[in-house]
Structures are given as structure tokens and as C-alpha cells.
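Please look over the sequence and the structure shown below before reading on. The report that follows goes through a few parts of the model in turn, beginning with an enclosed space.

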Amino acid sequence: MGKKITVSMITAAYNSEATIRDTIEGVLHQTYPYIEYIIVDGLSTDKTVEIAESYRQAFSERGYAYRIISEKDNGIYEAMNKGIAMATGDLVGLINSDDWYEPEAAACAAKAWQKTHYDMMYADLRMYKRDGTVLVKKARYRKHYITTRDWNHPTTFITKEMYGIYQYACKGNADDLDLMLRIRKDHRKVVIVNRILANYRLGGSSNQKQPKVAWRRFLSKYHAYRDNGYSRLYLIECILMEAGKLILA
């Protein structure tokens, strides 16, 4: 593949003892040799950190760098920013503590970068409903219309260089959308890979059905679009997204 490309994978976690093993093992069982894994825990009160610590030997045997920090933070996006600041890889992927990567995720991200020198890449996502139903959310790039229905944050890889320019704003629960929109607005190189690279459990914090939570999500998404210069018509897009979550979660 030419130049050795190191992939940093980062998990922000808080009280995730029920699911974090899947997340950790998804990184541990990557097919790619040049990986560092960083877990940023927000001072969990359950066994999240204990479980993470139990994998140190396994990561050492794979030859993967493995770092765990546990300290108070102001939410998931601050934790992501911390992990990104610590990362030393050429490419950075963020996988939440109730999701997990496919084994070839890092290899695919590195290969795509070697071919295209992208600034941001994302791929298809497998989604699990609470009733066991499995859906696949396809990645797509539309030049003139941007929607989260085409984009999958758990499959996204962004270069460390770009993360030196763009950080999560820590303004609301659509900070990931905001960052993606800023990258698109600045005409950075975005590449799509139509291959499933990650798995996502519906029903987490981004899919809660409580009216107040849904309203906050709606406002955060709408402001992300408007703050990046998009039309007020994106109000309809945000309504469609929230309606979809009510149906799917």
C-alpha cells in the first residue's frame, strides 16, 4: 500500500458496561496492522473502565497502541475532541460505545485514502432495531442537497490534518452534522465507499422518543444547517429525520 497509514480509532464512553465489549472487540479484531485505540471515559460509575482495562494484554499482543483516560467531561463531543487531540494516526475514526466496527473498517479507510487522498470518507452502516430487525443505511454523496439520510457518522474517517482545522463545537447533539457541513461547505474532498464498515444500535441517546429530547435534536439539527448557510427549507428535512427516528427506533 506504499506509505504506512496509521488509523486512530476513538470511543467516547460513559456507563457503557452493557455494550462496550462489542465496541472494543470490533477494534481488536481489525484486519489492519497499524492501529491505535483511544477510549475517553467520562468518569463512569459502572464497570466500563474495568472492562476496558481488561483488554490491555490483548491489544499489546496485537501490537495496537491502547490508551484509556477517565475524567469528567461536558458531554460526548468534548470527549471526542479530547480523543482526537491525543490521536497520532493519519486517519481518525469515531465509534460510540454501543456501536462496533466491521473487521475491515481500518483497512478500507486506509486503502481509500491511498487511492484518493480524501479529507473525509464515509460508508454504509448496518442498523439494529430493538426488535432484532436489521437495516442497511447506504452512504451517498449529493452535490446540491445534503442530508443525514445519506451520511453515517460511525463509518466516517477524517484525516488528522483536517481535525487540526475542524473541531466539534460542543453546542448541541448535532455537532457531528455541523462538522460535516463545515467540511462540505469548504469544498474538502469527500469520498463514499459503498461497503458496510460499522454497526449501529438504534434506541440510543440519538434515537430517544421523549418529546423534549426529540425537540432538542430537531432544533440542534436545524441550527446546524442554518449556521452553515443552508435554506430555511431544511426545516422539512429535520422534521423528516425526527419522524423517521420515531418510526425506526
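The lining of the largest cavity divides into five nonpolar residues, one polar residue and four charged ones. This is a predicted model, and everything below should be read with that in mind. The residues that line this largest cavity are Tyr122, Arg140, Arg142, Tyr145, Ile146, Thr147, Asp150, Trp151, Met180 and Arg184. Its volume is about 40 Å³, and the count of cavities of 30 Å³ or more comes to one. Rolling a probe the size of a water molecule over the atoms shows where empty space is left.

An open space can be described in a similar way. The second largest pocket holds about 160 Å³ of space, and it is lined by Tyr141, Lys143, His144, Ile146, Arg184, Lys185, His187 and Tyr230. By class, that pocket lining has three nonpolar, two polar and three charged residues. Ile146 and Arg184 appear in the lining of the largest cavity and also in the lining of the second largest pocket. The two spaces are set side by side here.

| Space | Volume | Nonpolar lining | Polar lining | Charged lining |
|---|---|---|---|---|
| Largest cavity | about 40 Å³ | five residues | one residue | four residues |
| Second largest pocket | about 160 Å³ | three residues | two residues | three residues |

Helix α7 covers residues 175-185 and is mostly covered, with 10 of its 11 residues buried. Among the buried residues of α7 are Met180 and Arg184, and both of these also line the largest cavity. After α7 comes His187, which lies in the loop between α7 and β9 and has a positive phi of about 60 degrees although it is not a glycine. Most residues other than glycine have a negative phi, and most peptide bonds are trans. Is His187 buried or exposed? His187 counts as exposed, because its relative accessibility is 73% and exposed means over 50%.

Beyond that loop, strand β9 spans residues 190-201 and includes Val191. Val191 counts as buried because its relative accessible area is 13%, which is under the 20% limit. Leaving aside residues up to four places away in sequence, Val191 touches Thr116, Tyr118, Met120, Met121 and Tyr122; of these, Tyr122 is also one of the residues lining the largest cavity. Although Val191 and Asp119 are 72 residues apart in sequence, their C-alpha atoms are 8.0 Å apart in space.

Strand β4, made of residues 91-94, pairs with two other strands. Four bridges join β4 to strand β1 (residues 7-13), and these two run parallel, with Val7 having Leu91 as its bridge partner in β4. Three bridges join β4 to strand β8 (residues 157-159), and these two run antiparallel, with Gly93 having Phe157 as its bridge partner in β8. Within β4, Leu91 and Gly93 point one way while Val92 and Leu94 point the other way, and all of them are buried.

The cysteines remain to be described. The count of disulfides comes to zero. Cys170 is in no disulfide, and the nearest cysteine sulfur, which belongs to Cys238, is 20 Å away. Cys170 is placed in the loop between α6 (160-163) and α7, where it has a positive phi of about 55 degrees although it is not a glycine. With a relative accessibility of 42%, Cys170 counts as partly exposed, whereas Cys108, at 11%, counts as buried.

How values were computed: Residues numbered from 1 in each chain as written. Predicted model: local features only at pLDDT ≥ 70, side-chain atom pairs only at ≥ 80, totals over all residues. Heavy atoms only, no water. Buried < 20%, exposed > 50% of the residue type's maximum accessible area, 1.4 Å probe, protein only. Contact = heavy atoms within 4.5 Å. Pairing = 2+ DSSP bridges. 1 Å grid on protein atoms, 1.4 Å probe; cavity = no way out; pocket = protein on both sides within 12 Å on 5 of 7 lines; lining within 4 Å. Points joined across faces, edges and corners; volume = space filled by probe spheres on them. Nonpolar A, V, L, I, M, F, W, Y, C, P; charged D, E, K, R; others polar. Disulfide = S-S within 2.5 Å.
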